[in-house]
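Colleague: Could you take a close look at the disulfide for me, and then set it in the context of the rest of the model?

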Amino acid sequence: MTPEHARHQDWEEPDPSHHQAERNRTQIQFFVPEEHTGSEPVYIGNLHSEVDSVNRSVKHTLSGIGVGTIFTIDKDKGDIHLLKKLDREKIPFYSLRAQVVDKLTKQHVEPEIEICIQVQDINDNEPKFVDGPYIVTIPEMSPVGTSVTQVTAIDADDADTGNHARVLYQLLQGQPYFSVEPTTGIIRAALSDMDRETKAQHLVLIEGRDMAGLKGGLSATTTVTINLSDVNDNGPKFQHSKYLWTVLESAGVDSTVGRVKATDADMGENAEMSFAIEKDDGSDAFDIFTDDKTQEGVIILKQPLDYETKRRISIRVKVSNTHLDPRFLHLGTFKDVTNVKINVDDVDEPPCFTSPEYNLKVEEERAAGTIVGVVAARDPDIANSAVRYSIDWSTDEDRNFNIDANNGTLTTSKRLDREAVPWYNLSVSASEANDPTKVTKVSVRIQVVDVNDHVPEFPIPYKAFVCENGKREQLIHTISAVDKDEPPNGHHFHFALAPEAISKANFTVRDNRDNTAVILTRRAWFSRREQAVHLVPVIIVDDGSPSLTSTNTLTVRVCACNSNQLCNVNPFALPAGLTTGPLIAILVCLLMVIGALLTSLLHCACVRPPGAVTSGSEDCGFEPPRRDLESHSLR
């Protein structure tokens with residue numbers, strides 16, 4: 001069986017003489033153009049068998065997908081026809097099987113033949129932009145040639161058949177800002193100065209045409225929306241070249257004087273700006289900061305204003321971009337300047353002290369009426385009203401000071417004692433004489449300066465002990481001194497044994513010259529029976545001007561000591577074996593001594609010059625019994 005088929009680009013009725021195939025071929029191919037239309041079945045080809053010429057008792061059969069609906073065969077002649085049009089984009093080919101069968105025996109008289117029907121492409125599909133429409137963003141001021149995006153159109157036709165699926169691109173809308181590469185569909189910037197502030201969005205129309213763009217080819221279009229993103233290519237500009245404000249001279253520090261506004265055509269970070277005041281006469285009185293919410297420059301007062309000193313102030317305010325882009329610095333300075341004129345309005349102000357606070361000094365123990373110092377205030381207004389001074393008595397409840405209401409002179413009203421109160425903190429007011437409501441207060445600190453009016457003395461009542469078997473030059477005790485006064489360079493005390501005790505002294509005083517001294521024995525061996533307690537008068541002298549002296553008594557008790565020189569403080573006991581008579585005699589003697597002492601105390605005239613400071617034992621020429629001595633004697 002040999003096939004007869006047609007392979008024509010333009011469909012024509014095939015010539016049967018051209019459809020012969022060699023006998024033993026088992027696979028044949030027919031070609032049919034797609035989308036062929038017509039009312040009659042279309043002849044595809046013929047299956048011619050040698051058996052047909054000698055035996056007309058055979059029939060032709062056809063099987064496979066589409067047989068009976070798309071394809072049919074003449075059983076007697078073997079002619080194959082197409083019943084309906086084909087779409088190559090859906091099914092590009094069909095595989096069928098043909099057989100020649102004996103009508104009587106139903107047996108195959110020839111081998112089965114495989115038939116492949118290829119559907120030939122025609123240009124029946126236009127290109128399609130499957131990803132369109134496109135929306136892209138590029139920075140404004142992008143250089144020429146910057147790639148924007150790539151558009152792609154897909155053609156369902158056969159790419160191997162002519163130029164059916166070869167698409168070329170062209171720009172229908174978007175010149176002169178953009179261009180498109182015909183073969184790739186890459187859109188590029190065609191101008192270098194596309195300004196977002198002038199035109200933020202461009203609509204580009206792209207056409208894709210198959211048949212390599214030739215006339216007659218099928219085409220499709222898509223849109224590309226190109227948004228320009230912002231770059232910092234604009235500097236800030238003040239809304240006004242000059243500002244005129246008025247502010248009261250009483251305005252507080254950090255109060256707002258006014259706001260300056262600058263605009264920037266850019267967006268976001270590119271529009272952020274900072275303000276500064278150029279250094280000039282009067283600029284030190286003001287400061288400026290940027291309000292992040294409004295992007296305004298807020299001018300505040302940094303120093304108090306004074307109408308009487310300066311009534312008009314001019315400053316220059318500069319604004320500049322915070323984030324500069326080096327690529328666009330050639331476009332401008334990215335800053336601007338404006339002038340601000342400020343008029344200071346007068347207000348009726350209270351008096352002003354010449355100092356924000358006063359620190360004064362006065363010596364203690366000075367007579368009442370002593371001048372401490374002067375505070376001064378003036379009316380800062382042009383009227384220059386008289387000023388009256390007063391003390392806030394809540395800060396001087398004891399009324400230690402007075403002030404002259406007219407000239408501000410502070411004086412003492414009583415003697416002051418530094419050791420009682422070393423500092424006074426007063427609040428002094430100054431008010432206008434004709435308007436007491438205009439008042440100002442100032443702090444006055446008064447230091448009471450020390451004078452040497454206190455004698456040095458022992459810090460505690462010392463108690464010392466000496467062993468009966470003590471040695472000469474033996475250290476008995478270390479003493480020091482205190483003084484309520486506070487000399488500028490600190491205390492320097494000098495210690496010595498009282499002159500009247502030197503000739504009969506059993507002890508001596510050695511000055512260490514470091515505000516301490518040591519008590520040493522001048523002899524060895526002491527007897528409790530002979531004298532159980534020794535009183536050592538010590539003179540202490542300070543270095544004040546004039547220096548003051550006092551005599552302080554150190555009590556030294558004699559005690560029995562063990563071999564380690566440790567004092568045994570057991571009370572002294574009388575020798576054993578005394579009878580009642582001797583004990584009574586001793587008691588009578590003691591009573592007589594006590595009576596003599598009391599008589600002497602009653603008749604002693606103790607005269608002391610005014611201001612002299614001495615110990616109590618010097619007035620009557622004897623040492624009165626001391627409590628510590630009595631306590632030791634009773635042990």
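**The disulfide and its surroundings**

Modeller: Happy to! The torsion about the S-S bond of C467 and C561 is about -85°, so the disulfide is left-handed. Keep in mind that this is a predicted model. The two sulfur atoms, of C467 and C561, sit 1.8 Å apart, and the count for the structure comes to one disulfide. In sequence the partners are 94 residues apart, and the bond links distant parts of the chain: C467 belongs to strand β33 (residues 463-467), while C561 belongs to strand β39 (residues 549-561).

How buried or exposed is C467? Its relative accessibility is 6%, so C467 counts as buried, the cut-off being under 20%. Two other cysteines can be set beside it. C116 is buried as well, because its relative accessible area is 13%. C352, in turn, has 34% relative accessibility and therefore counts as partly exposed.

Now for the wider picture. The protein has four helices and 40 strands, and 38% of its 635 residues count as buried. Of the contacts between residues at least 6 apart in sequence, 67% join residues at least 24 apart. The accessible surface is about 35600 Å², with 52% of it belonging to carbon and sulfur atoms.

The largest nonpolar core has 25 residues, and those touching the most other members are V260, F275, F286, I299, I315, V317 and V340. At least two residues of this core come from each of β17 (242-248), β18 (256-263), β19 (273-277), β20 (286-291), β21 (296-301), β22 (312-321) and β23 (335-345). β22 gives the largest share, four residues. Looking at V340 itself, and leaving aside neighbours within four places in sequence, its contacts are Y243, W245, V260, I299, I313, S314, I315 and V317. Another core, of 23 residues, lies apart from that one and includes V466, L497, V536 and I540.

Finally, a word on confidence. The mean pLDDT is 84, and 84% of the residues reach 70 or more. Among the elements, strand β29 (residues 401-403) has the highest mean pLDDT, 97, and helix α4 (residues 627-633) the lowest, 32. Residues 571-583 stay under 50, with nine contacts beyond four places in sequence in the model. Over residues 602-635 the pLDDT is also below 50, and that stretch has 32 contacts beyond near neighbours in sequence. Where pLDDT is low, the predicted coordinates should not be read in detail.

Technical notes
Residues are numbered from 1 along each chain as its sequence is written. This is a predicted model: local features need pLDDT of at least 70, side-chain atom pairs count only at pLDDT 80 or more; totals for chains, interfaces and linings use all residues. Side-chain values use heavy atoms; hydrogens and water are left out. Buried means under 20% relative accessible area, exposed over 50%, partly exposed in between (1.4 Å probe, protein chains only). Contact means heavy atoms within 4.5 Å. Accessible areas come from the Shrake-Rupley method with a 1.4 Å probe; for residues, only the protein chains shown count as cover. A nonpolar core is a set of buried Ala, Val, Leu, Ile, Met, Phe, Trp, Tyr and Cys residues joined through side-chain atoms within 4.5 Å. pLDDT is the predictor's confidence in each residue, from 0 to 100. A disulfide is a pair of cysteine sulfur atoms within 2.5 Å.
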